[in-house]
Amino acid sequence: MSAGYRDEQRVYWLALARAPQVGPVTFFQLLAKYGSPQEAVERAGIRASLDSARRELDDAAQLGATVLLSEDEAYPAGLRELSPPPPVLTVLGDISLLERPAIALVGARDASAAGRKIARELAASLGKAGLVIASGLARGIDGEAHQAALPTGTIAVLAGGVDQIYPPQHEALYHEIVSNGLVVSERAFGRRATAQDFPRRNRIITGLAVGTVVVEATERSGSLISARMAGEQGREVMAVPGSPLDRRAAGTNRLLREGATLVRHAEDALEAVASQIEDTTVRFHPTLPFDPPDNSGAGDDDGLTERIVEALSPTPLPIADIARATGCTARQCAARLMELELEGRALTHAGGLASRV
């Protein structure tokens, strides 16, 4: 395959991913059906703009950013295991951070002084222990976590394009992260974030990480969506307890009631994810090219899906325990459970639990 052909296929891949009404699920369905993004664009009648895709690749190069396709070797292994993974990521900064295990640290925008202090201490200590801190560049807990982890490694995942600084109060922090950490987005250059983009951003934050710590969250906080996603992805869900009198602790305390791991300090978080770090140390240093997943009929020929169904109980069980009983990793188990939930054969719950329907 010539380099020119390969470059043109990247243009088609990006154009298909950016086409209207084509999300990650549809993208991989089309890829599985037609075999290549070019065939999908040309035969499925997709309104995809090759010129826009070429401009986006040029804009990325001009900014010093890298556009990663989910088939690229440098694409983060944690996201690659999602079902489906984001077809495209744009990254700006130190791309080598994607090779290291990360932990997500999220929480309230209107964080208390105590919550901010806890976030800083957790981020600094976990960073010194070798973990990259992933968060969403929001005000409050996110910003404190990024700032404290700048010396050791931090990843900011944006809901808009990688060139869109939001919130504007974090412009200086954004530039510090570009210089010393990594900024990540699955959205196109110039796209301003809308409400629907934030859950997708949260899915990437938790997908990059071996576990998610929620420091403060109200009952309706977006951080609880992150916690649910982390559990569905087979990652460790952790929460810092708070006073019952503080509304910002209502969400974290509920997570703890539902089975999340209680975190008082960095040692608790490290203990909770120790097996995941050991399991992912090699996984985060891929040495072989990745073939994009064919989701059209994945997985049943190895018997794992049926073993998981047999292991399920009407009572919610930790995904890690189900994985241990069926001889797979927590991430593999979580991916199969998501498929089973779509089929109506399983339910996933907050706190990284799953049960039989």
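**A guided tour of two sheets, a helix pair and two loop residues**

Select helices α14 and α15 to begin: they are roughly perpendicular to each other, because their axes cross at roughly 105° and angles from 65 to 115 degrees count as such. The model on display is a predicted one. Helix α14 covers residues 319–326 and helix α15 covers residues 330–342, and their axes come within 8 Å. To see what joins them, show the side chains of I319, I322 and A323 on α14 together with A330, C333, A334 and L337 on α15. The residues of this contact comprise seven nonpolar, no polar and no charged ones.

**The three-stranded sheet**

Next, select strands β10, β12 and β11, which form an open sheet in that order with antiparallel pairing. The edges are β10 (317–318) and β11 (346–349), each of which pairs on one side only. Strand β12 (residues 353–356) is joined to β11 by four bridges in the antiparallel sense. For a single pair to display, choose A346, whose bridge partner in β12 is R356.

**The nine-stranded sheet**

Move now to the open sheet of nine strands, ordered β1-β2-β6-β5-β4-β3-β7-β8-β9, in which the pairing is mixed. Colour β1 (66–69) and β9 (261–262) to mark the edge strands, each paired on one side only.

Starting from the β1 edge, step inward to strand β2 (residues 88–93). Is this strand enclosed or open to the surroundings? Strand β2 is largely enclosed by the rest of the structure, since five of its six residues are buried. Its pairing with β1 is antiparallel and uses four bridges; within it, L68 stands opposite L89 of β2. Strand β2 also runs antiparallel to β6, again through four bridges, and here V91 stands opposite V184 of β6.

Keep V184 selected and continue to strand β5 (residues 154–157). Strands β5 and β6 pair in the parallel sense over three bridges, and V184 in β6 is the bridge partner of V157.

Two helices may then be added to the view. Helix α7 (residues 141–149) lies across β3 (102–106), β4 (132–135) and β5, and runs at about 140° to β3. Helix α11 (residues 250–257) packs on the sheet as well, where it touches β7 (209–214), β8 (236–239) and β9. The direction of α11 makes about 130° with that of β8.

**E186, in the loop after β6**

Follow β6 (182–185) into the loop that leads to α9 (197–208), and select E186 there. Is E186 buried or exposed? With 9% relative accessibility, under the 20% cut-off, E186 counts as buried. Which side chain shares a polar contact of 3.1 Å with that of E186? The partner is R200. Leaving aside residues up to four places away in sequence, E186 touches R18, P86, V88, L89, R200 and I204. Among these, L89 has already appeared on this tour as the residue opposite L68.

**I46, between α3 and α4**

For the last stop, select I46 in the loop between α3 (37–43) and α4 (50–63). Add P20 to the selection: I46 and P20 are 26 residues apart in sequence, and their C-alpha atoms lie 8.3 Å apart in space. Beyond residues up to four places away in sequence, I46 touches L16, A19, V22, L30, A40 and V41.

Notes. Residues numbered from 1 in each chain as written. Predicted model: local features only at pLDDT ≥ 70, side-chain atom pairs only at ≥ 80, totals over all residues. Heavy atoms only, no water. Axes fitted to C-alpha atoms, helices over the stretch in contact; angles between N-to-C directions. Parallel < 35°, antiparallel > 145°, perpendicular 65-115°, else oblique. Contact = heavy atoms within 4.5 Å. Nonpolar A, V, L, I, M, F, W, Y, C, P; charged D, E, K, R; others polar. Buried < 20%, exposed > 50% of the residue type's maximum accessible area, 1.4 Å probe, protein only. Polar contact = N/O pair within 3.5 Å; in protein donor to acceptor, adjacent residues only side chain to side chain. Pairing = 2+ DSSP bridges.
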